[in-house]
Amino acid sequence: MAHWLYKSEPFKWSWDMQVKAGAKGTHWDGVRNHLAKQQLLAMKKGDTGFFYHSNEGKEIVGIVEVIKEAYPDPSDPSGKFFMVDIKAVKPLKTPVTLAAVKADPRLQEMALIKFSRLSVQPVSDTEWDIVCGMGGV
């Protein structure tokens, strides 16, 4: 099982909105970066991910799960990009801020720091464990 990080501006799609989507989840669409596209194509049902509020808050607030693997994104007229479906699993007891991630020397190679503009990112098993510990889950 792999781990991922999904970035969303809370005014567009927030953790609370993701939670309200319930077990049916929602699609993660609108990705228009080729590296992020490759990440979406690599995702498998059951993979877990962090839900990150970007711009406002700048913090990891919850854990989501892939419930449907990559399929064509109908909002892309070129037909080149894909989306996955995810559902909320649980919130972090303590949100993990970007500042806290940057301050932890064990996380200096995390994509959240190195590729900050990438909307969908891989998270290593070690990074996953560290951030879960920081978040109290």
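In which helix does Met134 lie? In this predicted model, Met134 belongs to helix 5, and the residue is taken up again below, after the overall architecture and the pairing of the strands have been described.

The chain contains 5 helices and 6 strands. Their order along the sequence is β-α-β-α-β-β-β-α-α-β-α. The C-alpha atoms occupy a box of roughly 40 × 30 × 30 Å along the principal axes. For 137 residues, a compact globule would be expected to have a radius of gyration near 14 Å, and the value for the chain, 14 Å, agrees with this. Of the 137 residues, 46% count as buried. Among contacts with a sequence separation of 6 or more, 69% are made by residues 24 or more positions apart. The exposed surface of the chain amounts to about 7000 Å², of which carbon and sulfur atoms supply 55%. With regard to charge, 18 positive and 16 negative side chains are present, and the centres of these two sets lie 2 Å apart.

Strand 1 spans residues 3-8, and 6 of its 6 residues are buried, so this strand is largely enclosed by the rest of the structure. In a regular strand, side chains alternate between the two faces of the sheet. In strand 1, His3, Leu5 and Lys7 point one way, whereas Trp4, Tyr6 and Ser8 point the other way. The residues of both sets are buried, the charged side chain of Lys7 included.

Strand 1 pairs with two further strands, strand 3 and strand 6. Its pairing with strand 3 (residues 48-53) is parallel and comprises 6 bridges; within this pairing, Leu5 has Phe50 as its bridge partner. The pairing with strand 6 (residues 120-123) is antiparallel and comprises 4 bridges, and here the bridge partner of His3 is Val123.

The pairing continues from strand 3 to strand 4, to which strand 3 is joined by 6 bridges in an antiparallel arrangement. His53 of strand 3 is bridged to Glu59 of strand 4. Strand 4 covers residues 59-72 and is in turn joined to strand 5 (residues 82-97) by 10 bridges, again in an antiparallel arrangement. One of the bridged pairs here consists of Gly62 and its partner in strand 5, Pro91.

Strands 3 and 4 form a hairpin with 5 residues between the strands. Two residues of this loop merit attention for their backbone geometry. Asn55, found in the loop between strand 3 and strand 4, has a positive phi of about 65° although it is not a glycine. The relative accessible area of Asn55 is 52%, so this residue counts as exposed. Lys58 lies in the loop between strand 3 and strand 4 as well and likewise has a positive phi, of about 50°, without being a glycine. Lys58 is partly exposed, with a relative accessible area of 39%.

Helix 5 spans residues 125-135, and its buried residues are Glu127, Trp128, Ile130, Val131, Cys132 and Gly135. The elements that cover these buried positions include strand 1, strand 3, strand 4, strand 5 and strand 6. The helix is followed by Gly136, whose phi is positive, near 80°.

Met134 of helix 5 is not in the buried set: with a relative accessible area of 27%, this residue is partly exposed. Buried residues have a relative accessible area under 20%, and the value of 27% therefore places Met134 outside that class. When residues up to four places away in sequence are left aside, Met134 touches Thr94, Val96, Ala100, Val101, Asp104 and Leu107. Of these residues, Thr94 and Val96 fall within strand 5, residues 82-97. Val101 and Met134 are separated by 33 residues in sequence, while their C-alpha atoms are 9.2 Å apart in space. Met134 thus combines partial exposure with contacts to residues such as Val101 and Leu107.

Technical notes: Residues are numbered from 1 along each chain as its sequence is written. This is a predicted model: local features need pLDDT of at least 70, side-chain atom pairs count only at pLDDT 80 or more; totals for chains, interfaces and linings use all residues. Side-chain values use heavy atoms; hydrogens and water are left out. Buried means under 20% relative accessible area, exposed over 50%, partly exposed in between (1.4 Å probe, protein chains only). Two strands pair if DSSP finds at least two bridges between them. The radius of gyration is taken over C-alpha atoms; the globule rule is 2.2 Å times the number of residues to the power 0.38. Contact means heavy atoms within 4.5 Å. Accessible areas come from the Shrake-Rupley method with a 1.4 Å probe; for residues, only the protein chains shown count as cover. The place of a charge is taken as NZ of Lys, CZ of Arg, CG of Asp or CD of Glu.
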